[in-house]
Amino acid sequence: MAMALSSAASVRAFSQFVAAKQTVVSKARAIVTKAGSEEFYVETGASTYSGNYDEALWPNWADNKSEEEISKIAETELMHGRWAMLGCAGAWGAEVGTGINWFQAGAVCTPEDCTGIVFPGQVIPLAPEGSGFPQFYNVLVGTVILMGLAESYRGGLTAPVFPELEVGDLHPGGEHFDPLNLAENPAFDLDRMKIAELKHARLAMLSWLGYMSQAVATNCDNPFGYGSPTYPSYIEGAKGPYANWQDHVADPFVENVWKYTGIFQ
């Protein structure tokens with residue numbers, strides 16, 4: 001009897017120890033935990049929604065981290081991924097529509113002249129010609145205020161203006177951020193869409209790394225930029241990702257990564 005009680009106590013203590021080591025993301029972000037491989041995340045690795053990080057590419061990274069720390073890391077990854085998706089689409093679309101690559105776009109709006117801003121497909125100018133608008137400092141102040149407010153609401157520094165918003169919940173919901181009520185629509189699988197977004201976000205972050213590498217590799221004196229006298233932003237005629245893609249499509253056996261690394265040349 002004593003042995004049985006001792007064994008039961010040992011099992012209970014071990015179970016409590018294991019449970020204490022397990023970490024899950026916050027309730028606002030959680031999806032039903034799945035045992036083993038995830039239904040919607042069949043690729044190598046794991047999503048941040050499962051609560052099971054045994055299959056993560058960096059084993060044991062969640063050890064000794066609290067639920068709050070893991071939730072913050074997952075939030076940061078998603079925000080970076082969303083910016084990367086916007087950045088990749090914006091850089092590509094802007095170069096296609098205006099011919100200006102992303103790393104030289106800043107030259108269009110300077111304190112000396114900011115009237116050269118043109119959006120792809122723009123028909124009506126932002127301001128009458130010769131008016132001097134838009135002005136650099138108006139654009140700067142407006143951007144700082146709008147981005148500052150958005151980040152303050154997201155981080156909890158400022159009370160949200162909409163009652164349905166919660167700090168740390170980055171997904172659509174509520175009257176103002178889900179007007180079509182997709183989150184509550186049984187025909188719309190929000191959990192699946194969250195996983196799809198995370199996959200696209202991770203791919204976009206890798207893609208943006210490629211954008212940055214391309215800017216250096218194809219415009220500087222060497223593919224790593226070491227010893228280059230200037231940065232791609234200041235190189236006249238520097239090519240962006242869209243121009244590189246056009247070159248590659250026109251002559252794929254010459255215009256490729258091997259040309260700039262010097263391998264097999």
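P134 is buried, with a relative accessible area of 18%. Buried means under 20% relative accessible area, exposed means over 50%, and partly exposed lies in between (1.4 Å probe, protein chains only). The model is predicted: local features need pLDDT of at least 70, side-chain atom pairs count only at pLDDT 80 or more, and totals for chains, interfaces and linings use all residues. Residues are numbered from 1 along each chain as its sequence is written, and side-chain values use heavy atoms, with hydrogens and water left out.

## P134 and the disulfide

P134 sits in the loop between helix 2 and helix 3. Helices (H or I, at least four residues) and strands (E, at least two) are DSSP runs, numbered from the N terminus. Not counting residues up to four places away in sequence, P134 touches C114, T115, I117, L126, A127 and V139. Contact here means heavy atoms within 4.5 Å. D113 is 21 residues from P134 along the chain, and their C-alpha atoms are separated by 8.8 Å.

C114, one of the residues touched by P134, is itself half of a disulfide. Its partner is C109, with an S to S distance of 1.7 Å. A disulfide is counted when a pair of cysteine sulfur atoms lies within 2.5 Å. The search of the whole structure finds one. The link of C109 and C114 is left-handed, with -90° about the S-S bond.

How buried are the cysteines? C109 counts as buried at 16% relative accessibility, and C114 is buried at 3%. C88 is buried too, with a relative accessible area of 9%. C220 counts as buried at 13%.

## Overall make-up

The chain has seven helices and zero strands. From the N terminus on, its elements run α-α-α-α-α-α-α. Buried residues make up 25% of the 265 residues. Of the contacts with a separation of 6 or more, 57% come from residues 24 or more positions apart.

## The nonpolar core

Which residues form the largest nonpolar core? There are eight: F40, Y41, Y49, L78, M79, L170, I195 and L198. Such a core is a set of buried Ala, Val, Leu, Ile, Met, Phe, Trp, Tyr and Cys residues joined through side-chain atoms within 4.5 Å. Helix 2 (67-98) and helix 5 (190-217) each supply at least two residues of the eight-residue core.

F40 is a useful entry point. Leaving aside neighbours within four places in sequence, F40 is in contact with D189, R192, I195 and K199. I195 is also a member of the core.

## Helix 6 and its cover

Helix 6 spans residues 241-250, and its buried residues are P241, Y242, A243 and N244. What covers them includes helix 2, helix 5 and helix 7 (257-261).

The packing of helix 2 against helix 6 can be given in figures. The two pack at an angle of about 75°, with their axes 8 Å apart. Axes are lines fitted to C-alpha atoms, for helices over the stretch in contact, and angles run from 0 to 180 degrees between N-to-C directions. Helix 2 and helix 6 are therefore roughly perpendicular to each other. On this scale, angles under 35 degrees count as roughly parallel, over 145 as roughly antiparallel, 65 to 115 as roughly perpendicular and the rest as oblique.

On the helix 2 side, the contact uses W92, E95 and V96; these meet P241, Y242, A243 and W245 in helix 6. The residues of this contact divide into six nonpolar, no polar and one charged. In this count Ala, Val, Leu, Ile, Met, Phe, Trp, Tyr, Cys and Pro are nonpolar, Asp, Glu, Lys and Arg are charged, and the others, Gly among them, are polar.

## Loop residues

Two asparagines in loops have positive phi values. Phi of N64 is near 65°, in a residue other than glycine. N181 is not a glycine either, and its phi is about 55°. The table sets out their places and exposure.

| Residue | Loop | Relative accessible area |
|---|---|---|
| N64 | between helix 1 (2-21) and helix 2 | 73%, exposed |
| N181 | between helix 4 and helix 5 | 41%, partly exposed |

T158 belongs to another loop, between helix 3 (136-155) and helix 4 (174-177). At 29% relative accessibility, T158 counts as partly exposed. Not counting residues up to four places away in sequence, T158 touches S152 and Y153.
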